[in-house]
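Okay, thanks for making room on the agenda. I'd like to walk you through a structure that most of you haven't met yet, so let me put it on the screen.

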Amino acid sequence: MKFTAIQIAEILEGEIFGNKNVEVFSLSKIEEGEKGSLTFLSNPKYTPYLYTTKASIVIVNMDFVLEKEVETTLIKVNDAYQAFSTLLEFYDQVKLRKTGIEKPSFIDESAIFGTNLYLGAFSYISADVFIGDNVKIYPNVYIGDNVKIGDNAIIHAGSKIYSETIIGSNCTLHAGVILGSDGFGFAPDASGIFTKIPQIGNVVIEDNVDIGAATTIDRATLGSTIIRNGVKLDNQIQIAHNVEIGQNTVIAAQTGVAGSTKIGENCMIGGQVGIVGHISIGNNVRIQAQAGVGRNIKDNEIIQGSPAMGYSDFSKSFVYFKKLPELVATINALEKDIKALKEKK
């Protein structure tokens, strides 16, 4: 896709200084710009690159003043960083503007779908599925019986959505997401052999949720595993059965949450965090990367470590831990001195 400086300026409500008809077809960093690319300058640290870049268009702040002539075309806006983000979003929407049903694919005759559906090749839509308007389903997606998908959802290639799952509006599932797989429910019999407990609940994803690639969310044993409005999940996260995650909480990659744990609203959870089952984590909690959480956490706590403790306590303990060899040597020396004094007596 190609865009002219005029088109970009109209989108951003900016002013053009240079060739209004110059075309761009790619995006770049300012220091790596090539002919036909578009970039931006917002950090003064990168100003020298403006005079050497080969990018065809550079977005700059309205108050930016040139020190010498440049070959590139400038588009001046109120906030170059925000304008570039707006342009990225616009570009992404254009890129994803697909409609139609590709072949081969399968849609059960009982399925209902809205306007502007895009269904990629080799996808499978099962019985009694409901799909809203403007939904994009990329190739090799499986959607099980009785699934409901809201308007403007995007489901990327290779995702698997098991039966009874409910997905709200404006949700994005990245490649390889699995929703509704069985929870890890087994019970030992009298001889110690583990037998499976049927998992008959479902998964509910509310509106405006983003789920990263290869993340798995298990169905509930009974009831629902619930991801509330605005939650953002990174790649390769495991959410177990009957977990509930409060609205606007964000979780980084490789975190695992065990069954029946409740996580509050507006929490921030770092990567590789392990959270045990059947606990409650309050609102506005911050959990640092690689923490091991094995207890209930109150609102507004910041915790770190494994087992996790208060952030300030962890920081103090870590200082002592680094000095542990020195402290041990000091203690050993003191013990020798004490022993020597006792022997003299």
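**Starting from one pair of residues**

Let me begin with a detail: L38 has I57 as its bridge partner in β6. Keep in mind that what you're looking at is a predicted model. From that one pair, we can work outwards in both directions.

So, the strands those two belong to. β5 and β6 run parallel, and three bridges hold the pairing. L38 turns up again on the other side, since it is also the bridge partner of L27. That takes us to β4, which pairs with β5, residues 37–40, in the parallel sense over two bridges.

Now back to β6 and out the other way. How many bridges link β6 with β7? Five, and again the sense is parallel, with β7 covering residues 73–77. If you want a spot to zoom in on, find V58, which stands opposite L74 in β7.

In general, strands in a sheet pair through backbone hydrogen bonds, and that can happen parallel or antiparallel.

Let's put the pieces together. The order reads β2-β7-β6-β5-β4, an open sheet of five strands, and the pairing overall is mixed. On the edges you have β2, at 15–17, and β4, at 26–27, each pairing on one side only.

Why is β6 largely enclosed by the rest of the structure? It spans residues 57–61, and four of those five residues are buried, so there is structure packed around the strand.

Okay, zooming out to the whole chain. There are five helices and 40 strands in total, so the sheet I've just described is one part of a longer story. The C-alpha trace spans about 95 × 65 × 30 Å along its principal axes. And the radius of gyration? The chain has 28 Å, while a compact globule of 345 residues would be near 20 Å.

Contacts next. Take those between residues at least 6 apart in sequence: 17% of them join residues at least 24 apart.

As for the surface, buried residues account for 40% of the 345. The chain exposes about 18,800 Å², and 54% of that comes from carbon and sulfur atoms. On charge, we have 31 positive side chains and 38 negative ones, and the centres of the two sets are 9 Å apart.

That's my tour, thanks everyone.

Methods: Residues are numbered from 1 along each chain as its sequence is written. This is a predicted model: local features need pLDDT of at least 70, side-chain atom pairs count only at pLDDT 80 or more; totals for chains, interfaces and linings use all residues. Side-chain values use heavy atoms; hydrogens and water are left out. Helices (H or I, at least four residues) and strands (E, at least two) are DSSP runs, numbered from the N terminus. The radius of gyration is taken over C-alpha atoms; the globule rule is 2.2 Å times the number of residues to the power 0.38. Buried means under 20% relative accessible area, exposed over 50%, partly exposed in between (1.4 Å probe, protein chains only). Contact means heavy atoms within 4.5 Å. Accessible areas come from the Shrake-Rupley method with a 1.4 Å probe; for residues, only the protein chains shown count as cover. Lys and Arg count as positive and Asp and Glu as negative; His and the chain ends are not counted. The place of a charge is taken as NZ of Lys, CZ of Arg, CG of Asp or CD of Glu. Two strands pair if DSSP finds at least two bridges between them.
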